[in-house]
Amino acid sequence: MVPLAWAFRLAGHEVTFAAAGDALAVRDAGFLALDAVPGLTTAQMIADFKKSPAAEHLERPLDGVSPEELERIKPLVVAMWDGYVDGHVRLAERLRPDLVVYDPIFAAGPVAAAKLGVPCVAHSFGVSGFEPEVFGQAPASEAFQRHGVTVPKGIETIGVVPSSLEIGPPPRWSMRYVPYNGGGLLPEWLLDESDRPRVAVTLGTVVPETHGLGEFTPIIEAAEAVDAEFVIATGSDETSWATPLPPNVRVTGWVPLGA
């Protein structure tokens, strides 16, 4: 959301983030941030997720899941975040924004917008869309019932992936994806010219924490047959690997992905 927030600011608007845990790093992008769940850590969040009804679905590979099953899982994924909704809504009621931009799997955005009577816009984050209609299905609807509001009508979603990659109908609004990864030190090997494409691969912060680095193994095994250079960013300073790596695979900790 940072590039869009910068665009808002350059157009003369005020921007404040309501976030929690690791997401408070958004302040390093030069924005004001409010801590909606003081003390929340990624480890605590993951522990909470493992207690949710969606945990069993997210612990197994999704590549064999049918589109129908995926739609059934979506309300459960939204409900995983329910314990964090109220803190964000409370801050929004104090902030009284004119517009709410929210993560499509987090009900706090549309709940706050409904309570304040202001518009909200979903900012997508990947290839599998979470349409606003999912908030009307149990258990995703529980946050709206708790706050005595209904899902706002006419919510638009900003898509940030090419329409050819969208799973389901592409959003009417689209925005060119602009990478933002904060500042960082560039490893010198990134300056080396390559005679083939360089592909960056990461599973983010949550998956390695919950499933371990073994989740990268199928990617590494497949990479050997591809004419490209692969950089596997694990998020861990431990860059040694249990099995020999193909010559076209490099395992590293965090690097600025925009580079």
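## Arginine 96 and its loop

Arginine 96 sits in the loop that joins helix 5 (85–95) to strand 3 (100–102). This is a predicted model, and in it the phi of arginine 96 comes out near 50°, a positive value in a residue that isn't glycine. Most residues other than glycine have a negative phi.

Is arginine 96 buried or exposed? It counts as exposed, because its relative accessibility is 54% and the cut-off for exposed is over 50%.

## Helix 6, mostly under cover

Moving along the chain, helix 6 spans residues 108–116, and seven of its nine residues are buried. Those are Ala108, Gly109, Pro110, Val111, Ala112, Ala113 and Leu116.

What do the buried residues of helix 6 pack against? Their partners are helix 5, strand 3, strand 4 and helix 7. Right after helix 6 comes glycine 117, with a positive phi near 70°.

## A cis bond before proline 139

The peptide bond running from alanine 138 to proline 139 is cis, its omega being near 0°. Most peptide bonds, by contrast, are trans. As for where proline 139 lives, look in the loop between strand 4 (120–123) and helix 7 (142–147). Both of those elements also take part in the packing around the buried residues of helix 6.

## The second largest pocket

The second largest pocket holds about 270 Å³ of space. Its lining is made up of 18 residues, and the ones nearest the centre are Glu131, Thr157, Pro169, Pro170 and Pro171.

Sorted by class, that lining has eight nonpolar, six polar and four charged residues.

Technical notes: Residues are numbered from 1 along each chain as its sequence is written. This is a predicted model: local features need pLDDT of at least 70, side-chain atom pairs count only at pLDDT 80 or more; totals for chains, interfaces and linings use all residues. Side-chain values use heavy atoms; hydrogens and water are left out. Helices (H or I, at least four residues) and strands (E, at least two) are DSSP runs, numbered from the N terminus. Buried means under 20% relative accessible area, exposed over 50%, partly exposed in between (1.4 Å probe, protein chains only). Contact means heavy atoms within 4.5 Å. On a 1 Å grid over the protein atoms alone, a cavity is a set of points where a 1.4 Å probe fits but cannot get out, and a pocket is an open set with protein on both sides within 12 Å along at least five of seven lines; lining residues have an atom within 4 Å of a point. Grid points are joined across faces, edges and corners, and a volume is the space filled by probe spheres set on the points. Ala, Val, Leu, Ile, Met, Phe, Trp, Tyr, Cys and Pro count as nonpolar, Asp, Glu, Lys and Arg as charged, and the others, Gly among them, as polar.
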